[in-house]
Amino acid sequence: MGATTEPPQAKPGSVVPAASSTQQSQLPAPDIAATGPLLAADSRFFRDARTGRTILLRGVNLSGSTKQPFSPKLPSHEPSGFFEHTDVSFVGRPFPLDEADEHFSRLASWGFNFLRFNITWEAIEHAGPGIYDQAYIAYAKEYGFRVFIDPHQDVWSRLSGGSGAPGWTLDVVGFEPRNFAPTNAALVQNTYADPKHFPKMIWSTNYFKLATATMFTLFFAGRTFAPKCTVGGVNIQDYLQQHYANAVAALARAIHSTPGLENDVVLGYDTLNEPSGGYIDCKDINVLLHEQEMRNGLTPTPLQGMILGEGKACPDVQVWEVTGFGPQRVGSQTVDPAGVRAWKDGVQCIWATHGVWDPQTGKALIMDYFSKDPSTSKPFDFLADGWQPFVRFFSKTLRAIHSDAVIFVEPPVNVYPPKFDVGKGDPSGPLCYAPHWYDGLTLVTKTFNTWYNVDYIGFKRGKYSSIAFAIRLGEAGIRSAFKSQLNMIRQEGVQQMGLYPCVIGEIGIPYDMDDKKAYLTGDYASQTKAMDANMSALERNLLNFTLWNYCSDNSNLWGDQWNGEDLSLWSPPVASVVAKELGMGGTGNGTGTDGSGTRSSYESGDTLSNDPVGAGGVKASSGIVSRRKNVPADLNQGARALEAFVRPFPVLTPGTPVALAFDLDQVLFTYTFSHSVNADTGLWHLDSSSSDALYTGPDGSQVPLGSVTELYIPHVHFPTGSMLQVWVSDGTWRLYGDLQRCVWKCACRLAPQGGQGHAHGHDATQGRSGSFSVAGPGDIPMSPTSGGAGGVSGASGPESAMDQCKRGIGVGHRRGVDSGHDCRGERECRRRGQRPDGWIGDRSQPRTGAWVRRRRGGWGRMPQCTVM
């Protein structure tokens with residue numbers, strides 16, 4: 001990794017090494033393993049509590065493997081021992097501790113700084129509160145990860161075809177899970193006749209089958225709809241919610257009692273993964289629920305499910321299949337359990353006991369029973385009357401232990417959230433809106449259709465009168481639809497919850513597209529396109545996210561080992577799997593030298609050397625390298641569509657992000673932010689929570705940490721020894737290639753008296769913005785690794801500013817700003833054949849621009865001219 005610059009004597013088109021700037025020594029080397037508390041209130045962005053800088057959180061779910069026990073290993077395709085749910089252990093999930101260094105090293109080298117740490121209620125009950133989770137979280141801290149805990153579930157429990165709740169929760173209400181298959185109470189891969197051909201994504205249809213729908217109805221509204229269902233005198237709703245909250249609280253207490261984890265690493269807790277209302281809001285049990293969007297295979301109505309659960313034959317059960325245009329009904333058939341019941345002997349169907357239907361006649365007695373409170377006849381709304389009170393209870397329980405925990409509020413999938421009201425007991429800051437979003441068409445069909453897709457969220461919100469009007473054509477239309485859907489989801493959080501950060505808790509793609517063709521050919525072009533479209537939509541909305549998922553025991557045959565899903569970013573290479581099975585350990589030790597106290601290879605202005613560094617080419621922070629073990633030399637081996645999800649991004653910003661984009665085809669990264677500077681401290685003007693923490697350079701000069709931007713510049717796109725082109729709007733920058741980082745301080749220097757203005761002539765507290773871009777690699781030799789505006793330590797060349805802009809070495813400002821480039825608006829750029837960014841945000845705010853680009857066989861498309 002290196003950089004090109006244009007010194008004053010250079011002729012247009014030539015590249016000459018530049019001398020290092022005296023300002024370079026003022027730019028601190030980033031601590032890539034730094035953690036610490038974050039602020040999550042009064043802003044759509046998280047902020048570092050120590051320096052006040054905005055932090056963008058990019059991470060993964062760790063991991064899908066936590067859904068299944070480790071001992072004995074019970075993937076969802078394994079029938080043996082499945083029903084012995086009381087004799088299992090999850091210790092060893094998400095991976096054995098002796099593999100932790102390998103996996104955390106890999107994730108850190110890919111630029112991730114955030115983990116959605118998946119646990120299950122079942123795991124906590126059986127493994128003991130916090131026993132294994134605490135150990136992994138301590139590892140996560142050493143690698144610079146911040147974490148939020150996700151009490152994960154899918155369709156309630158493993159025994160009902162998913163994950164999450166312990167098996168005893170089904171026992172206590174009277175279910176007999178061994179009989180779920182013949183009664184169609186749940187579709188479970190472990191008991192499916194041909195597990196290898198388990199239908200795609202059919203597991204999610206269980207949300208509306210008898211077992212899961214009943215359990216969620218009891219969990220969120222048992223007091224209302226099942227008052228006769230009690231355990232030891234406690235209503236089933238209170239019994240289940242208390243056990244669930246207490247299980248997560250047990251983990252919270254273990255984290256609380258361990259120094260250095262609470263707040264420093266563990267930010268807070270998700271409320272409940274992908275909650276469902278079960279039968280709640282059903283207006284007629286004789287027809288399919290309106291909320292039942294995923295229809296596949298046998299699809300009984302609520303009443304038909306109850307009849308089948310009693311072991312009685314049921315005619316005209318609808319059969320659906322998923323097509324490229326969504327679920328389509330293809331027929332109906334009679335289902336006969338032949339007297340086998342989904343309930344234990346002597347236990348009557350809960351809903352028959354409450355007079356919802358008559359088991360003798362098979363008729364509905366109160367067809368709209370679940371749409372209103374039976375005791376008052378008042379309408380009952382799942383979100384307002386079921387889910388929201390649970391969020392209040394859960395938040396109160398967790399904050400009794402972790403008092404300032406960030407509550408990651410997760411609504412049901414694709415649902416418009418209810419209005420939060422602190423006066424009614426809804427939690428206030430620190431909060432985070434944590435919805436999920438997937439490209440449903442790709443997820444269900446396991447094909448990335450580049451011809452068309454659907455603006456599904458827009459359709460759900462009534463933006464279109466027909467689904468036909470929500471169709472988007474071509475790749476540009478598809479990418480636009482992804483962006484607009486994520487923007488709508490983010491805005492809904494602000495509207496309904498308040499001004500809090502948003503994290504897309506799950507987003508990802510199926511890697512087994514097109515019948516696993518890529519596993520045979522090695523061509524991941526479709527997966528790369530799909531992931532790039534998702535990532536671009538996240539970036540352009542400036543969203544935090546955790547991708548689904550990283551699964552350490554993924555395989556090409558069984559995917560993520562759960563219900564045929566295969567969304568893992570990584571799959572173990574065959575060689576490492578064989579070595580592990582033969583007891584040979586890892587594939588090599590990539591331990592390198594500790595760079596925490598050494599001089600950067602960039603400090604003298606040299607190109608990045610090929611000296612040995614840490615595993616994956618990334619030197620670790622102090623304290624990590626010395627204890628690494630079993631870390632492969634090539635951490636990228638086994639990654640899928642790597643270049644699409646490993647992308648440059650701003651980690652820490654002394655201001656408010658404005659625009660972020662990475663063009664994968666052009667390998668062009670651009671970033672713009674805005675801020676104001678405090679006249680007294682020189683820090684980004686935020687509030688009293690930002691400290692005056694200083695970095696002291698080798699020459700004794702000091703730089704406020706709160707004024708430095710830190711960017712992740714991955715070797716995947718900007719490899720060792722390649723050429724970089726860096727263009728900053730102003731200020732100085734410095735590359736730390738061994739850390740895959742660039743630090744940049746924009747030129748917001750105060751006037752000598754601290755009064756009237758920046759170096760650019762603005763008032764000391766007036767808002768301004770800066771931009772950074774990077775590109776590479778190419779065929780021009782590299783030399784300098786630091787610089788100023790335009791990559792030349794603040795110097796400007798003799799050529800015109802527009803020529804500089806064309807060749808990507810210029811610096812642009814809006815009219816009236818001290819600069820060498822006055823674009824005179826968009827017309828001048830267009831007249832000269834440029835493609836301007838245009839105005840971004842408030843036109844009264846002066847903005848500065850920069851880009852970085854990687855050259856591939858010539859210039860190709862010209863970089864955008866930033867109009868200031």
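The legends below accompany an overall view and close-up views of a predicted model.

**View 1. The whole protein, with its 19 helices and 32 strands.** Of the 868 residues in the protein, 61% count as buried, and the accessible surface comes to about 31,100 Å², with 51% of that area belonging to carbon and sulfur atoms. Where contacts link residues at least 6 apart in sequence, 74% of them join residues that are at least 24 apart.

**View 2. Helix α1, spanning residues 100-109, and the glycine that follows the helix.** This helix is mostly covered, since 9 of its 10 residues are buried. The buried set includes the charged-group names Asp101, Glu102 and Arg106 alongside Phe104 and Leu107, and the remaining buried members of α1 are Ala100, His103, Ser105 and Ser109. After the helix comes glycine 111, whose phi is positive, near 90°.

**View 3. An open sheet of 8 strands with parallel pairing.** Read across the sheet, the strands follow the order β16-β15-β9-β6-β5-β4-β20-β19. The edges are formed by β16 (431-433) and β19 (503-504), each of which pairs on one side only.

**View 4. The pairing of strand β15 with the edge strand β16.** Strand β15, made up of residues 406-409, runs parallel to β16 and is joined to that strand by 3 bridges. Within this pairing, phenylalanine 408 stands opposite cysteine 432, which lies in β16.

Technical notes:
Residues are numbered from 1 along each chain as its sequence is written. This is a predicted model: local features need pLDDT of at least 70, side-chain atom pairs count only at pLDDT 80 or more; totals for chains, interfaces and linings use all residues. Side-chain values use heavy atoms; hydrogens and water are left out. Buried means under 20% relative accessible area, exposed over 50%, partly exposed in between (1.4 Å probe, protein chains only). Helices (H or I, at least four residues) and strands (E, at least two) are DSSP runs, numbered from the N terminus. Contact means heavy atoms within 4.5 Å. Accessible areas come from the Shrake-Rupley method with a 1.4 Å probe; for residues, only the protein chains shown count as cover. Two strands pair if DSSP finds at least two bridges between them.
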